[in-house]
Amino acid sequence: MASSTTALKVPWWVRGDTNAFFGFGVNVLVNVLTLTSLCLFVVKLSERDVFHAILPALGIALVAGNVYYTFLARRLARRENRTDVTALPYGPSVPHMFIVIFVIMLPVYLKTNDATLAWKAGLAWAFIIGVIVLIGAFVGPWIRRYAPRAALLGTLAGISITFISMLPAARMWNLAWVALPVFALLLIGLLTDTKLPGNFPIGLAALLLGTAIGWIGGAMDGNAVSAAAGEIGFALPGLHLDLLFSGLSDVAPLLATAIPLGVYNFTEGMSNVESAAAAGDNYNLRSVLLADGAGAIIGAALGSPFPPAVYVGHPGWKKAGGGSGYSMATGVVIAVLCFLGMFGLLGAIFPLPAIVPILLYIGLLIGAQAFQFSPKAHAAAVIAALVPNIAQWATSQIDNSLAAAGTTAATVGNAALEGNGVVYNGLLVLGQGAILAGLVFGSIVAFIIDKRFVHAAIFAASGALLAFVGLIHGEKVDWNANGPVALGYLFIAVVCGLFALTRPEPRPKEADELELDRMEGMAEAPTSPAPTPAPAA
């Protein structure tokens with residue numbers, strides 16, 4: 001076996017890499033276009049700061065990260081003596097794009113009317129996120145080893161349904177005559193074995209189709225293209241340590257969101273690694289989290305407030321036939337576009353409804369995977385893990401709607417909101433620290449289903465501690481951040497502890513669970529005091 005593994009030649013590019021490259025490339029393209037618009041039109045940063053500092057810094061992070069993940073994929077392929085390993089996708093973290101803009105940078109800008117101060121706060125926040133993810137590299141493998149698969153994949157499905165799928169879906173139906181033909185072409189090409197003539201890349205074909213429909217139908221503006229073309233110019237990143245250190249000098253207010261969101265980042269990373277394992281590629285979690293943490297720190301030093309991370313979506317690119325090459329190609333191409341300041345021009349050329357269907361496709365894949373690769377008996381646990389993410393998304397929609405009306409939930413009042421069927425306060429508490437809350441809640445439900453009441457009690461007690469310090473269900477990290485919720489989790493622990501005293505027989509694993517364990521080579525939950533660690537690349 002050793003000699004055959006050594007002799008294995010892993011191809012740098014396979015046919016499926018072309019489809020994966022155009023699909024994933026469009027995915028990252030959408031996200032960079034979005035964060036560019038947020039910087040320019042929400043925080044009012046200058047075009048020079050955005051196109052000559054932030055985007056080039058992001059480009060460096062994307063090249064380094066995607067090259068690294070290409071290396072990990074090739075190493076895994078050689079170790080397991082197979083050529084069908086798919087690299088993990090990597091890019092700017094989508095939830096954090098909105099969080100750093102609307103939660104960190106925009107309040108600073110509105111208070112001071114100084115976009116540079118807002119940028120400094122964003123850099124400091126991204127740096128703290130990176131440090132916490134580095135710490136998570138040593139805690140995360142332990143959590144992955146003990147948490148049920150349904151809880152890990154369910155939290156990821158919650159993100160995919162809400163923050164990844166809903167906004168693209170809304171934008172699609174806002175201009176459905178452009179977006180829906182693109183979406184249909186993506187589904188046909190990526191979910192079936194149907195090929196285009198000459199095996200033309202389906203992602204590129206979908207983008208061209210939507211662009212053609214948009215321009216022919218009059219949805220685009222030629223003058224905007226001319227204006228954007230005049231802004232093209234080459235720029236490489238430089239160190240912005242002065243801005244970073246200036247932002248870190250007032251770090252205390254940032255910790256309230258940075259700590260729970262750093263935990264969110266490494267928990268999301270765990271879920272994405274679990275998702276890749278479910279699809280057949282079992283990566284080493286610590287290697288992944290170390291890279292994500294380092295990427296955020298390096299990006300902040302170079303001027304980018306947008307932490308990069310392993311993306312949701314590995315199963316989609318694997319299904320498209322992607323190998324190790326698509327990831328590196330995407331990083332290089334997007335980086336070149338960042339260095340050239342091309343994103344203003346691209347945003348003027350490509351209709352947004354022709355681009356965002358790829359995000360809805362990814363959302364469908366990840367949502368489905370939570371059920372396909374979790375035991376059927378744990379379906380309720382998947383839903384439990386989804387719920388906090390849905391609550392977080394719902395409160396964000398309520399807040400944005402009230403802000404557009406020039407008011408806030410506090411001004412309107414809970415009584416008025418509840419009188420109209422909006423249980424705002426409950427949604428707010430449920431959704432804070434959503435991915436970590438989903439992991440805890442989903443694990444409790446899964447262990448109760450399995451009649452493993454000791455494990456359920458341990459996760460409930462952990463939930464009590466996390467709620468007490470505000471990492472879940474709290475507005476900020478603080479001592480006794482939410483005592484009533486912490487008490488509720490403690491009561492769950494007591495109830496489960498009492499049932500554990502009856503020493504019930506654990507629910508026997510069904511055939512689908514045994515097959516999942518065999519495919520992934522890892523136990524879903526500890527069955528003895530000293531579980532065997534999961535094999536890793």
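At what angle do the axes of helix α2 and helix α3 cross, and within what distance do they come? Colleagues, I shall take that question first and then turn to the salt bridges, bearing in mind throughout that this is a predicted model.

Two packed helices are described by the angle between their axes and the distance between the axes. Here, helix α2 spans residues 15-41 and helix α3 spans residues 47-80. Their axes cross at roughly 150° and come within 11 Å. Because angles over 145 degrees count as roughly antiparallel, α2 is roughly antiparallel to α3. The handedness of this crossing is right-handed.

Let me now name the residues in contact. On the α2 side they are Phe24, Val28, Val32, Leu35, Thr36, Cys39 and Leu40. Their counterparts in α3 are Glu47, Val50, Phe51, Ile54, Leu55, Leu58, Leu62 and Asn66. Sorted by class, the contact of α2 with α3 comprises 12 nonpolar residues, two polar residues and one charged residue.

I move on to the charged pairs. Side chains of opposite charge can pair when their charged atoms come close. How many salt bridges does a search of the whole structure find? The search returns six, and I shall discuss three of the pairs.

In one of them, the side chain of arginine 82 meets that of glutamate 80, with 2.7 Å from N to O. Is arginine 82 buried or exposed? Its relative accessibility is 17%, so arginine 82 counts as buried. Glutamate 80, by contrast, has 36% relative accessibility and therefore counts as partly exposed.

Another pair is formed by aspartate 281 and lysine 318, whose side chains meet at 3.0 Å, N to O. Aspartate 281 lies in the loop between α11 (252-278) and α12 (285-302), while lysine 318 belongs to helix α13 (residues 314-319), so this salt bridge ties together parts that are 37 residues apart in sequence. Both aspartate 281 and lysine 318 are buried.

The remaining pair I wish to show joins glutamate 510 and arginine 507, with an N to O distance of 4.0 Å. Glutamate 510 counts as partly exposed because its relative accessibility is 38%. Arginine 507 has a relative accessible area of 14% and is therefore buried.

Finally, which residues do salt bridges with shared partners join into one network? They are Glu80, Arg82, Asp84, Asp281 and Lys318. The network thus includes both residues of the pair at 2.7 Å and both residues of the pair at 3.0 Å. Thank you for your attention.

Terms used. Residues are numbered from 1 along each chain as its sequence is written. This is a predicted model: local features need pLDDT of at least 70, side-chain atom pairs count only at pLDDT 80 or more; totals for chains, interfaces and linings use all residues. Side-chain values use heavy atoms; hydrogens and water are left out. Axes are lines fitted to C-alpha atoms, for helices over the stretch in contact, and angles run from 0 to 180 degrees between N-to-C directions. Helices (H or I, at least four residues) and strands (E, at least two) are DSSP runs, numbered from the N terminus. Angles under 35 degrees count as roughly parallel, over 145 as roughly antiparallel, 65 to 115 as roughly perpendicular and the rest as oblique. A crossing is left-handed if the near helix is turned anticlockwise from the far one by less than a right angle, and right-handed if clockwise. Contact means heavy atoms within 4.5 Å. Ala, Val, Leu, Ile, Met, Phe, Trp, Tyr, Cys and Pro count as nonpolar, Asp, Glu, Lys and Arg as charged, and the others, Gly among them, as polar. Buried means under 20% relative accessible area, exposed over 50%, partly exposed in between (1.4 Å probe, protein chains only).
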